[in-house]
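Me: Could you walk me through a protein model, step by step? I am new to this.

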Amino acid sequence: MSNFKFSKRSLDNLATCHDDLQRVAHLALKYSSTDFTITEGVRAVERQKEMVRIGASKTMNSYHLDSKDGVIDGKGMALDFYCYYDGKVQVNAPISKFAEVANAFKKAAKELGLMIEWGGDWKSFIDAPHVQLLGKA
Ligand SMILES: [Zn+2]
């Protein structure tokens with residue numbers, strides 16, 4: 001169990017996510033051996049269009065969107081995280097560091113009876129910072 005605490009920025013971003021995803025993230029922070037920050041939760045359609053345009057995302061069916069099927073209460077079903085170590089957010093951390101955090105998310109989700117998916121497990125487009133909530137297990 002870690003003693004990591006979310007920053008205000010992380011909490012503000014997390015607050016835009018579905019309640020179940022928030023619960024997973026809070027438990028994941030306890031289990032993770034690497035500290036991390038939540039950089040994004042829900043995303044407006046206009047921003048998603050821009051991300052697809054610049055190649056940062058491949059889909060207009062993103063779980064981040066504020067208005068899509070499956071989004072409950074207008075909250076995001078996805079979040080992005082980055083590892084935090086050596087005194088700063090590490091945007092270029094190796095995939096192994098992202099995986100440490102992702103494994104904590106998976107453990108937390110399992111304990112809470114929820115299903116999540118990590119973008120680092122995707123085959124066609126690896127999205128290491130990305131975690132999305134699929135629903136109840
Ligand atoms: Zn994402």
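Here are some questions and answers about one helix and its surroundings.

Reply: This is a predicted model, in which local features need pLDDT of at least 70 and side-chain atom pairs count only at pLDDT 80 or more, while totals for chains, interfaces and linings use all residues. Residues are numbered from 1 along each chain as its sequence is written.

Me: How far apart are the end C-alpha atoms of helix α4?

Reply: Helices are DSSP runs of H or I with at least four residues, and strands are E runs of at least two, numbered from the N terminus. The expected span is 1.5 Å times one less than the number of residues. For the 18 residues of α4 (95–112) that gives 26 Å, which agrees with the end C-alpha atoms being 25 Å apart.

Me: Is D86 buried or exposed?

Reply: D86 sits in the loop between β2 and β3. A residue is buried if 20 or more other C-beta atoms, placed from the backbone, lie within 10 Å of its own, exposed if 12 or fewer, and partly exposed in between. Because D86 has 6 such neighbours inside 10 Å, it counts as exposed.

Me: Which word describes how α2 lies to α4?

Reply: Axes are lines fitted to C-alpha atoms, for helices over the stretch in contact, with angles from 0 to 180 degrees between N-to-C directions. The axes of α2 and α4 come within 8 Å and cross at roughly 125°. Angles under 35 degrees count as roughly parallel, over 145 as roughly antiparallel, 65 to 115 as roughly perpendicular and the rest as oblique. Therefore α2 is, relative to α4, oblique.
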